[in-house]
Amino acid sequence: MKLGKAISKFDQFLGKVFFRSMLPLSYNIINKRLNKKIKKNINSKSFIQFSKKGYFVINKNFSGIADDINEQISKEKITNKKINIKSLHYYSINTELKKIIKNFININLKEVISDLSSIYKMPIYIANVTLRKTNHFNSDEEKYNNYFHNDIYLGNHLKVFFNLHDMNIKNGPTVIIPSDETKKILNYKNRFKKRGFVVKNEQEKKFFTNNLKKGALIVCNTCECLHRASVPEKYETRDILTLTLIAYPTKNQNSKDIFNFEKEYEQEIWNGNSNLAKKLAKPGLSNLLHFYKTFN
Ligand SMILES: [Fe+2]
């Protein structure tokens, strides 16, 4: 094993020991500072919940926008017969869809993004947009993120889930374990398991399940909240728009354009590629110090 890999493994091990976390120790140290900063800037009820629980629901109805997106993806549903074969399908995002999604982010989500930016005291950028269809599959395997896991990024990485139709227990809603409960679940036995583990049904019922209506939005720090996409029942399916937001102080601090990175990283943002998210929120050993300083 190369030295770098060995150090990374040790870093992960120490994260479990000292922080009850699936994130490495170095990420936990950086996040601790970041969370302290966020707590200081919190000014509203939803952000108090965000700080305590790691997620919040936006109680606005954007079902009209979900309809506009659905109208576009319905074309692919007719022409592409393969979309039901695999357990996971990524709809292609054409120019019209890009326009709808960009308007949604720039206009409808402007307020929440600006509020997030003011608690992070950093601009917020779009790093990734995916339109995903999740199908039923008949197996206990971990095919996609159907086992509980944390996303391994720093706390400046956030996910926004936008329901394209009403969610219910049949179409495999996302389950989120609040960050404070996540710490309790990561007991001695659990935290040393490999990524992805199962929580008993009875216990899972106590956590947040996205059985919200079409047009609902959830903002989640998926690095601190264990979460999973449950499996749709037979003949059921789930369509969801997921946005990855990253708080990051760029050199041109004045740039309020949430699509600031689009020129340079168009492929990464629109094609389900996580390279931009990694660049802005997943440091390797060599740039840990840079990230530590960045968030101070
Ligand atoms: Fe995830």
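**Figure 1. The whole chain, with a good share of its residues buried.** Buried residues make up 38% of the 296 residues in this protein chain, which is shown here as a predicted model. Along the chain you can find 12 helices and nine strands. The radius of gyration is 19 Å, close to the 19 Å from the globule rule for 296 residues, so the chain is as compact as a globular protein of that length. If you draw a box along the principal axes, the C-alpha atoms fill roughly 50 × 45 × 40 Å. Now look at who touches whom: among contacts between residues at least 6 apart in sequence, 85% join residues at least 24 apart.

**Figure 2. Helices α1 and α2 cross each other.** Two packed helices are described by the angle between their axes and by the distance between those axes. Here, the axes of α1 (residues 3–19) and α2 (residues 25–41) come within 6 Å and cross at roughly 55°. That angle is neither under 35 degrees nor in the range 65 to 115, and the two helices are therefore oblique to each other. Which residues of α1 and α2 meet? From α1 come Asp 11, Leu 14, Gly 15, Phe 18 and Phe 19, and from α2 come Leu 25, Ser 26, Tyr 27 and Asn 28. Sorted by type, the residues of this contact are five nonpolar, three polar and one charged.

**Figure 3. Helix α1 and the residue that follows it.** Helix α1 has 17 residues and reaches 24 Å from its first C-alpha to its last, close to the 24 Å expected at 1.5 Å a residue. Right after α1 comes Arg 20, whose phi is positive, near 50°. Most residues other than glycine have a negative phi, which makes this spot worth a look. Arg 20 sits in the loop between α1 and α2. It has 17 C-beta neighbours inside 10 Å, so Arg 20 counts as partly exposed.

**Figure 4. Helix α2 and its buried residues.** The 17 residues of α2 should span 24 Å at 1.5 Å a residue, and the end C-alpha atoms are 25 Å apart, which agrees. Which residues of α2 are buried? They are Ser 26, Tyr 27, Asn 28, Ile 30, Asn 31, Leu 34 and Ile 38. An α-helix has 3.6 residues a turn, so residues three or four places apart point the same way. Keep that in mind as you run down the list. The buried residues of α2 pack against α1, α3 (45–53), α6 (110–120) and α12 (288–294).

**Figure 5. Tyr 235, another residue with a positive phi.** Tyr 235 is not a glycine, yet its phi is positive, about 70°. You'll find Tyr 235 in the loop between β8 (226–229) and β9 (237–247). Is Tyr 235 buried or exposed? With 9 C-beta neighbours inside 10 Å, Tyr 235 counts as exposed.

**Figure 6. Ile 185 and the residues it touches.** Ile 185 is found in helix α7 (residues 179–185). It has 16 C-beta neighbours inside 10 Å, so Ile 185 counts as partly exposed. Set aside the neighbours within four places in sequence, and Ile 185 is in contact with Ile 177, Asn 190, Val 199 and Leu 226. Then there's Ser 230: Ile 185 and Ser 230 are 45 residues apart in sequence and 18 Å apart in space, C-alpha to C-alpha.

Key:
Residues numbered from 1 in each chain as written. Predicted model: local features only at pLDDT ≥ 70, side-chain atom pairs only at ≥ 80, totals over all residues. Axes fitted to C-alpha atoms, helices over the stretch in contact; angles between N-to-C directions. Helix = DSSP H or I, 4+ residues; strand = E, 2+ residues; numbered from the N terminus. Parallel < 35°, antiparallel > 145°, perpendicular 65-115°, else oblique. Contact = placed C-beta atoms within 7 Å. Nonpolar A, V, L, I, M, F, W, Y, C, P; charged D, E, K, R; others polar. Expected span 1.5 Å × (residues − 1). Buried ≥ 20, exposed ≤ 12 C-beta atoms within 10 Å, placed from the backbone. Rg over C-alpha atoms; globule rule 2.2 N^0.38 Å.
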